[in-house]
Amino acid sequence: MGMSSCVNLSRAAAAAKGTTFAAAAGNRGHGRSVLPVAMPLKKGSSYSGVACSISSSSSSSVHGKNSSSPAAADHADGIGIAEFLGGKNFLITGGTGFLAKVLIEKILRTNPDVGKIYVLIKAKDSDAALKRLLNEVVDTELFRRLQEIHGKDYHSFVARKLVPVVGDVREANVGIAPELASVIAEEVDIIVNSAANTTFDERIMSYAQRFPRLKLFLQVSTAYVNGQRQGVVLEKPFRLGDTIAKELGSESDSSEHKNTMLDIEAEMKLAFDHRRHSDDSASFTEEMKELGLERAKLHGWQDTYVFTKAMGEMVINSMRGDIPVVTIRPSVIESTWRDPFPGWMEGNRMMDPVVLYYGKGQLSGFLADPEGVLDVVPADMVVNATLAAMAKHGSSASPAPAMQVYHVASSTVNPLVFGDLSRFLFKHFTAAPYSDAAGRPIHVPPMRLFDSMDQFAAYVETDVLLRSSRLAGAGAGDERLSQRVRELCAKSVEQTIHLGSIYQPYTFYGGRS
């Protein structure tokens with residue numbers, strides 16, 4: 001799809017702050033070890049430019065210089081990323097997804113001697129899987145630099161490396177045909193589970209038990225599995241039965257959640273029972289959303305997505321046996337910082353709808369703590385961290401298998417404060433405004449931030465009322481048009497307030513990774 005025409009937060013904010021590049025720094029005294037990964041820093045920071053924003057629950061520290069190529073880490077003080085990746089075979093789920101594509105591109109471009117990369121794709125047959133691989137991965141703008149490197153041999157190079165595999169992570173052996181499943185099990189060294197679905201990952205871990213040469217199982221999760229934890233959050237693996245509510249309840253001596261126990265099988269049974277007793281398919285989806293949100297909040301998570309991601313971590317940890325597992329927990333992944341080129345983006349990421357509404361003059365304020373932090377991290381920085389974690393924990397020299405957790409985030413190293421972000425966006429759209437249908441620039445006012453839902457709802461209703469009055473005035477005398485305007489404005493109020501309620505757990509998030 002190429003580069004997005006909308007504002008890329010990780011670049012717009014960084015550019016507004018004024019950033020440079022420098023070597024990786026230390027661990028900032030949080031008792032957390034550091035892997036070499038770059039993040040653009042605030043102007044005036046005690047660091048001179050690029051900082052490590054990934055840390056681990058393991059006891060040893062790893063330091064190295066950042067580079068656009070992992071090979072730079074393969075030196076006396078590094079961890080040998082390029083050497084480790086050479087000849088390795090991968091199985092990647094969610095391979096057509098945003099982050100997995102950046103990972104695949106980086107591996108192929110910087111480590112051309114890598115083995116095969118089996119890309120699990122949900123498709124009706126092998127032809128459909130190949131078509132998706134070509135259309136959604138190989139022939140996209142993201143792979144432009146790789147195309148330039150290999151020229152006319154590009155497609156033959158990719159054909160030797162990438163193998164589309166029809167499958168579904170929700171099925172036994174992740175839905176792969178038995179014969180091919182056996183071949184993959186015999187060949188693969190590293191599994192990267194980056195599927196975006198909300199299953200509990202027991203099937204892929206069951207399949208992983210069949211891999212005799214498996215050196216690492218890498219799970220892509222989210223930093224927001226930390227739920228309602230507050231302050232600096234250290235990397236801790238989840239175990240079966242853990243709940244954030246119980247953890248916070250025991251810390252506060254509250255009896256309300258002390259005895260709360262998370263039973264994953266019971267949660268699944270509750271969902272399936274609810275589904276069995278639902279007759280109306282139209283209302284079923286909404287009912288399941290409400291049930292998921294209710295259960296998530298009961299156990300201390302802010303929404304169903306992070307709740308199921310946390311349960312996925314628990315299942316993998318309980319089933320891993322002797323398999324080394326690394327869990328990568330990125331915060332909000334945004335556009336690339338510089339690799340393979342600056343600003344690559346696909347689709348709308350977390351805050352993009354709000355940015356677009358603001359830039360187009362449809363929303364001049366939002367529900368957010370002005371002093372709160374939007375924890376964003378560029379996609380290529382997440383990939384750098386992932387590759388570093390692979391090399392550190394997937395080598396034969398690694399210690400006994402363990403569950404390693406890495407947060408890939410910016411809120412403790414280079415926080416993007418909502419108040420600053422609102423000013424950056426105002427400056428950006430003042431300098432480079434959108435145009436309306438007539439080609440005239442859309443001028444936006446400074447963005448307002450509201451620290452309560454009541455204030456935000458009142459603002460939205462007032463703002464929409466003013467806009468509807470102007471529209472109604474333009475169509476004076478046309479009753480049908482006036483009625484249509486009123487209906488559209490009422491829907492706009494409902495959608496905007498709903499949008500605010502979805503974002504509220506994140507725009508007032510108190511945890512720092």
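## Helix 12 and the crossing of helices 3 and 14

Helix 12 is mostly covered, with 12 of its 16 residues buried in this predicted model. The buried positions are Val306, Phe307, Thr308, Lys309, Ala310, Met311, Gly312, Glu313, Met314, Val315, Ile316 and Asn317. Because a rise of 1.5 Å a residue gives an expected span of 22 Å for the 16 residues of helix 12 (residues 304–319), the separation of 22 Å between its end C-alpha atoms agrees with that expectation. At the N-terminal end, aspartate 303 acts as the cap of helix 12. Glycine 321, which follows helix 12, has a positive phi, near 60 degrees.

The second topic is a helix pair. Helix 3 (residues 98–110) and helix 14 (residues 379–394) cross at roughly 60 degrees, and their axes come within 9 Å. This crossing of helix 3 and helix 14 is right-handed. Helix 3 contributes Phe98, Leu99, Val102, Leu103, Lys106 and Ile107 to the contact, while helix 14 contributes Ala379, Asp380, Val382, Val383, Asn384, Thr386, Leu387 and Met390. By class, the contact residues comprise 10 nonpolar, 2 polar and 2 charged.

Phenylalanine 98 belongs to helix 3. Its relative accessibility is 8%, under the 20% cut-off, and therefore phenylalanine 98 counts as buried. Beyond its neighbours within four places in sequence, phenylalanine 98 is in contact with Ile333, Glu334, Trp344, Met345, Glu346, Arg349 and Ala379. Phenylalanine 98 and isoleucine 333 are 235 residues apart along the chain.

Two atomic separations are listed below.

| Pair | Separation |
|---|---|
| Side-chain oxygen of aspartate 303 and backbone nitrogen of tyrosine 305 | 3.2 Å |
| C-alpha atoms of phenylalanine 98 and isoleucine 333 | 9.2 Å |

Methods
Residues are numbered from 1 along each chain as its sequence is written. This is a predicted model: local features need pLDDT of at least 70, side-chain atom pairs count only at pLDDT 80 or more; totals for chains, interfaces and linings use all residues. Side-chain values use heavy atoms; hydrogens and water are left out. Axes are lines fitted to C-alpha atoms, for helices over the stretch in contact, and angles run from 0 to 180 degrees between N-to-C directions. Helices (H or I, at least four residues) and strands (E, at least two) are DSSP runs, numbered from the N terminus. A crossing is left-handed if the near helix is turned anticlockwise from the far one by less than a right angle, and right-handed if clockwise. Contact means heavy atoms within 4.5 Å. Ala, Val, Leu, Ile, Met, Phe, Trp, Tyr, Cys and Pro count as nonpolar, Asp, Glu, Lys and Arg as charged, and the others, Gly among them, as polar. The expected span of a helix is 1.5 Å times one less than its number of residues. Buried means under 20% relative accessible area, exposed over 50%, partly exposed in between (1.4 Å probe, protein chains only). A polar contact is a pair of N or O atoms within 3.5 Å; within protein, one must be able to donate a hydrogen and the other to accept it, and residues adjacent in sequence count only if both atoms are side-chain atoms.
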